[in-house]
Amino acid sequence: MEILQHHNDELQMVFHDTKNHYTAISSFDNIEDVRAYISKIYPELEEKNTIRISNNKILDLIISKYIVACRNKHISFDYEVKTANLDYIDDTELSMILNNVLDNAMEAADISKDRCIEFSLRHINNMDVLSVVNSCDNPPRHHNGKLFTTKFDTSNHGFGSRIIEKYVKKNNGKYEWFYDDAQRRFHLTILFQKNIKSDAL
């Protein structure tokens with residue numbers, strides 16, 4: 001609902017701005033002035049078009065959600081989606097994975113000095129590689145590779161990592177992470193491989 005409200009507000013502002021742009025353009029006497037004006041306003045309009053990132057609607061919606069959420073928290077959110085969109089993963093399961101991954105990243109970035117998140121999804125060597133890197137001033141708590149919550153109320157928190165692992169495993173994925181002490185960055189990588197079912201019986 002928060003994302004939809006944000007995009008509704010954006011559309012209302014675009015509509016309002018467009019009326020003003022039409023008024024301005026109609027006042028120009030020559031085509032060169034019109035072209036110069038359009039070239040100036042086009043990047044601004046293009047910047048608002050954040051919902052069409054891939055051909056996977058749920059992936060686009062989730063990325064758009066965190067673009068909005070990070071902007072509101074003044075966290076830099078860089079994303080790159082190339083040659084993969086995870087459309088073979090059930091929408092609800094993909095939502096559980098990505099929302100928990102990015103919630104954790106945003107929570108750590110929000111209390112870090114650098115306040116940044118990098119999200120990328122690429123198809124490499126028959127694998128879809130999902131990578132999330134976020135600023136994180138303190139190393140995460142863990143035991144034998146299992147992450148623990150840093151929150152005081154451990155009985156009601158710390159489920160995010162377990163949910164991620166559950167649905168990654170369900171989709172035959174591999175989940176790994178490491179912490180870069182020098183850069184103070186938490187790196188999470190998930191590898192997926194689309195199952196190719198033979199039609200031959």
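**Group meeting: a sheet, its helices and two cysteines**

Let me begin with a single residue, Cys116, which counts as buried because its relative accessibility is 13%, where buried means under 20% relative accessible area, exposed means over 50%, and partly exposed lies in between, with a 1.4 Å probe and protein chains only. Cys136 likewise counts as buried, since its relative accessibility is 12%. If a disulfide is taken as a pair of cysteine sulfur atoms within 2.5 Å, the count comes to zero.

Before going on, I should say that this is a predicted model, in which local features need pLDDT of at least 70 and side-chain atom pairs count only at pLDDT 80 or more, while totals for chains, interfaces and linings use all residues. Residues are numbered from 1 along each chain as its sequence is written, and side-chain values use heavy atoms, with hydrogens and water left out.

Now to the fold. The protein chain holds five helices and seven strands, which here are DSSP runs numbered from the N terminus, H or I of at least four residues for helices and E of at least two for strands. Read from the N terminus, the order of elements is α-α-α-β-α-β-β-β-β-α-β-β.

Five of the strands form an open sheet of mixed pairing, ordered β1-β2-β3-β7-β6, where two strands pair if DSSP finds at least two bridges between them. Its edges are β1 (76–82) and β6 (174–180), each of which pairs on one side only. On average, neighbouring strands in this sheet are turned by 10° against each other, direction ignored; axes are lines fitted to C-alpha atoms, for helices over the stretch in contact, and angles run from 0 to 180 degrees between N-to-C directions.

At the β6 edge, the partner is β7 (residues 185–192), paired in the antiparallel sense over seven bridges. Asp180 stands opposite Arg185 in β7, and among the four residues between the strands of this hairpin, Arg184 takes a positive phi near 55°.

Which helices lie across the strands? Helix α3 (residues 57–72) lies across β1 and β2 (116–124), running at about 160° to β1, whereas helix α4 (residues 91–110) lies across β1, β2, β3 (127–135) and β7, at about 25° to β3. Contact means heavy atoms within 4.5 Å, and among contacts between residues at least 6 apart in sequence, 63% join residues at least 24 apart.

To close with the chain as a whole, 37% of its 201 residues count as buried.
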